[in-house]
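Work through the exercises below with the sequence and the model side by side. Each task is followed by a solution in steps.

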Amino acid sequence: MQTMGFACTSADEPLAPFTFDRRAARDNDLVVEILYSGVCHSDLHQARNDWGWSTYPMVPGHEIVGQVIEVGSAVKKYKVGDKVGIGCMVDSCLHCDQCLTGEEQLCRKGNTQTYNSPDRITGENTFGGYAKHIVVREEFAVRVPDTLDLSRVAPLLCAGITTYAPLRTYNVGPGSRVGVVGMGGLGHMAIKLAIGLGADVTVISRSPAKEEDARELGATHFLLSTDQDALAAAASSFDLIVDTVPVEHGIDDYTPLLDINGTICLVGQVGPVSSYNNVNLLMGRRSISASMIGGIRQTQEMMDFCGRMGILPECETIRMHEINEAFDRLERADVHYRFVIDMASLQVASAA
Ligand code: NAP
Ligand code: ZN
């Protein structure tokens, strides 16, 4: 089917209107009209080829919420009219040990990403959520609870699951002491989700202006990452630190903040860590780990958890043609705390 969206044609070009074909729906596919699309910092990294594997034209977007408008003949779980979410993956082998335990993001044959990734059957590049429609196999959609405000759900599909997964991996619950480094899209979801799970949360940020918001979101403590005295006073006080900083950085200021057996989980920067001192690890049997998004089963668990707890991101709704300005603001960390594109604006933007 023909649809339209916004694409970039090279790392240096702004996003612009783009008309393209979605693959014809297969038996196990849903055709989804996209209502809202979140703007993840990964979209910016990919659009600008920060990771070196971008292909163009690229339609970014992997925080997608929409309505099913057509179902293939073999679809079992969904019907026309259902509200669904689609995150960073649209396919995987579905047969390996990882897929069978619901960890499709770790598929032994590699998962198919929502954009900038070859389709498993046609080999054509996938296009993401900055568009009017998407075609996705039903196994990669999650159901959105009726209780949640649709205009704020999209960021749960990446920022939500990416921070929920390590909180669950490290058994965060009542009494856990969690630090969150970087209060942006992922960071503010980590705060909300950890508090929802019963943890005591500290925000570790380089931006003093965010302290008030951090406390409003329920964080009990705020550590300015440039204040060495405050960092020293907080030594050995966390079970888990979730680090969401999007650029290369060292972690030696953070590892001493972990208690014995504590873990710092890097979910932000994709690439080298500029420094870490092994002494900080061995003195407290501390660990460094990393985590990538989460499986579909856990994404549904997170979505249902947010539905029960009324957890939603703080969003700034934008129109599609405001995306380039939004990217610039995201780069400056000037967003409170996630941009969400209202896709109803797309027609107008394209016609303009
Ligand atoms: P974001 O909204 O831009 O937030 C990042 C936050 O990190 C900023 O608000 C800022 O918080 C801090 N920060 C920004 N620039 C910094 C710098 N130069 N030095 C130190 N701190 C800085 O980004 P996001 O959407 O949350 O994404 C964060 C990262 O996660 C990106 O690199 C993205 O690609 C990655 N990501 C990974 C996964 C995964 O599966 N692991 C999934 C999604 C995204 P303060 O002002 O509070 O310091
Ligand atoms: Zn993302």
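The exercises concern a predicted model and cover a metal site, a ligand shell and the nonpolar cores.

**Exercise 1.** Find which protein atoms are the donors of the zinc ion (ligand 2).

Solution.
- Step 1: The donor atoms are SG of Cys-40, NE2 of His-62 and SG of Cys-158, at 2.0 to 2.2 Å from the ion.
- Step 2: Along the sequence, the spacing of these donor residues reads C-x21-H-x95-C.
- Step 3: Cys-40 sits in the loop between strand E3 (29–39) and helix H1 (41–47), while His-62 sits in the loop between H1 and strand E4 (64–71); the two are 22 residues apart.
- Step 4: Cys-40 and His-62 are both buried, because each has under 20% relative accessible area.

**Exercise 2.** Describe how the protein surrounds ligand 1.

Solution.
- Step 1: The shell holds 28 residues, and His-41, Ser-205, Ser-207, Lys-210 and Arg-338 are the closest.
- Step 2: A polar side-chain atom of Ser-207 is 2.5 Å from a ligand oxygen.
- Step 3: For the side chain of His-41, an N or O atom is 2.7 Å from an oxygen of ligand 1.
- Step 4: Leu-186 instead uses a polar backbone atom, 2.8 Å from an oxygen of the ligand.
- Step 5: Of the 920 Å² of accessible area that ligand 1 has on its own, the protein covers 89%.
- Step 6: H1 gives the largest share of the shell, three residues.

**Exercise 3.** Identify which helix gives the most to the largest nonpolar core.

Solution.
- Step 1: This core has 91 residues; Tyr-130 and Met-303 are among those touching the most other members.
- Step 2: Helix H4 (residues 185–196) gives the most, with six residues.
- Step 3: Domain 1 (2–158 + 294–351) and domain 2 (160–290) each supply at least three residues.
- Step 4: A separate second core has 14 residues, including Val-181 and Leu-223.

Definitions and conventions
Residues are numbered from 1 along each chain as its sequence is written. Chains are lettered from A and ligands numbered from 1 in the order in which they are written. This is a predicted model: local features need pLDDT of at least 70, side-chain atom pairs count only at pLDDT 80 or more; totals for chains, interfaces and linings use all residues. Side-chain values use heavy atoms; hydrogens and water are left out. A nonpolar core is a set of buried Ala, Val, Leu, Ile, Met, Phe, Trp, Tyr and Cys residues joined through side-chain atoms within 4.5 Å. Buried means under 20% relative accessible area, exposed over 50%, partly exposed in between (1.4 Å probe, protein chains only). Helices (H or I, at least four residues) and strands (E, at least two) are DSSP runs, numbered from the N terminus. Domain bounds come from an automatic or database domain assignment. Donors are N, O and S atoms within 2.8 Å of the metal (3.2 Å for Na, K and Ca); water is not among the atoms, so sites may look incomplete. A residue is near a molecule or strand if one of its heavy atoms lies within 4 Å of it. A polar contact is a pair of N or O atoms within 3.5 Å; within protein, one must be able to donate a hydrogen and the other to accept it, and residues adjacent in sequence count only if both atoms are side-chain atoms. Accessible areas come from the Shrake-Rupley method with a 1.4 Å probe; for residues, only the protein chains shown count as cover.
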